[in-house]
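Thank you all for making time this morning. I would like to walk you through one structure slowly, so please keep the picture in view while I talk.

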Amino acid sequence: MTDEILALCDIRRSLKKRKKESEGSKQYRETNVKVKRSIKEATEKWIEYQCEDIENSLKYNNCNKAYKIVKELTDTKQARAITIESKEGKCLTQEKEILERWTDSALSYIHMWPQIKTQMCWTCLHHQAMPGTVF
């Protein structure tokens, strides 16, 4: 995404608020078409650049680089969003907040461990007392 496309996106975002007006709706549609067209053109240029880079790598016997580029372009793995909920149910996205939440959660389980361990022992004793029980 170029700076020009990002600027168009900002304009489109501001026009979206005036979309209910007849003139605002027309401007929004025109800007939206420009944004989509610009994104499509930028994507095509980027793909062409990647193809040229692969061809040049193969031309100069740099198969490792060509393979790496092809692998990056064809990789189908989806990136997972790293978010968890706070105690209040708020979605946390910042790495620092997530680490603090994991720390709090882990500490609460550590403090609960004696209770969990006792319950596990009673459960095991109960199952051992009942022959033929599979767990």
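Let me begin with a single residue, T31, which is buried, with a relative accessible area of 9%. Since we are looking at a predicted model, every value I mention today has been computed from that model. T31 lies in helix α2, and if we set aside the residues up to four places away in sequence, it touches L8, I11, R12 and L15. You may wonder why T31 is called buried at all, and the reason is that buried means under 20% relative accessible area, while T31 has 9%.

Now let us step back to the whole chain. The protein chain has four helices and two strands, and when you read along the sequence these elements follow the pattern α-α-α-β-β-α. How much of the chain is buried? Of its 135 residues, 16% count as buried, so T31, which has a relative accessible area of 9%, belongs to that group. The protein chain exposes about 12200 Å², and carbon and sulfur atoms supply 56% of that area. As for contacts, if we take those between residues at least 6 apart in sequence, 15% of them join residues at least 24 apart.

Let me turn to helix α1, which covers residues 3–16. E4 is found in this helix, and E4 is exposed, with a relative accessible area of 56%. Although E4 and S38 are 34 residues apart along the chain, their C-alpha atoms are separated by 8.7 Å.

Further along helix α1 we come to a pair of charged side chains, and here a general remark may help those of you who are new to this. Side chains of opposite charge can pair when their charged atoms come close. In this model, the side chains of D10 and R13 meet in a salt bridge, with a distance of 2.8 Å from N to O. Because D10 and R13 are three residues apart in helix α1, they are separated by about one helical turn. D10 is partly exposed, with a relative accessible area of 45%, whereas R13, at 53% relative accessibility, counts as exposed.

How many salt bridges are there in total? The count comes to two, and the second one I want to show you is formed by the side chains of K65 and D53, at 3.4 Å from N to O. K65 lies in helix α3, which spans residues 63–74, and D53 lies in helix α2, so this pair ties together parts that are 12 residues apart in sequence. K65 is partly exposed, with a relative accessible area of 37%, while D53 counts as buried at 17% relative accessibility. Leaving aside its neighbours within four places in sequence, D53 is in contact with K65 and also with I69.

Please stay with helix α2 for a moment, which runs over residues 22–59. L58 is found in this helix too, and at 46% relative accessibility L58 counts as partly exposed. If we again leave out residues up to four places away in sequence, L58 touches C63 and A66.

I would like to finish on the surface. Which residues form the negative patch? They are E41, E44, E48, E52 and E55. One of them, E55, is found in helix α2, and at 54% relative accessibility E55 counts as exposed.

There is also a nonpolar surface patch of about 280 Å², made by M1, L6 and I39. I39 is found in helix α2, and I39 is partly exposed, with a relative accessible area of 33%. If you ask why I39 can take part in a patch, the answer is that patches are made of residues with over 30% relative accessible area, and I39 has 33%.

To bring this together, helix α2 has given us the buried residue T31, the buried residue D53 with its salt bridge to K65, and the exposed residue E55 in the negative patch. Please compare these places with the picture, and I am happy to take questions.

Terms used: Residues numbered from 1 in each chain as written. Predicted model: local features only at pLDDT ≥ 70, side-chain atom pairs only at ≥ 80, totals over all residues. Heavy atoms only, no water. Patch = residues over 30% accessible without salt bridge, like charges linked within 9 Å, V, L, I, M, F, W, Y side chains within 5 Å. Areas by Shrake-Rupley, 256 points an atom, 1.4 Å probe, with all protein chains shown as cover. Salt bridge = Lys/Arg side-chain N within 4 Å of Asp/Glu carboxyl O. Buried < 20%, exposed > 50% of the residue type's maximum accessible area, 1.4 Å probe, protein only. Contact = heavy atoms within 4.5 Å. Lys, Arg positive; Asp, Glu negative; His and termini not counted. Charge placed at Lys NZ, Arg CZ, Asp CG, Glu CD.
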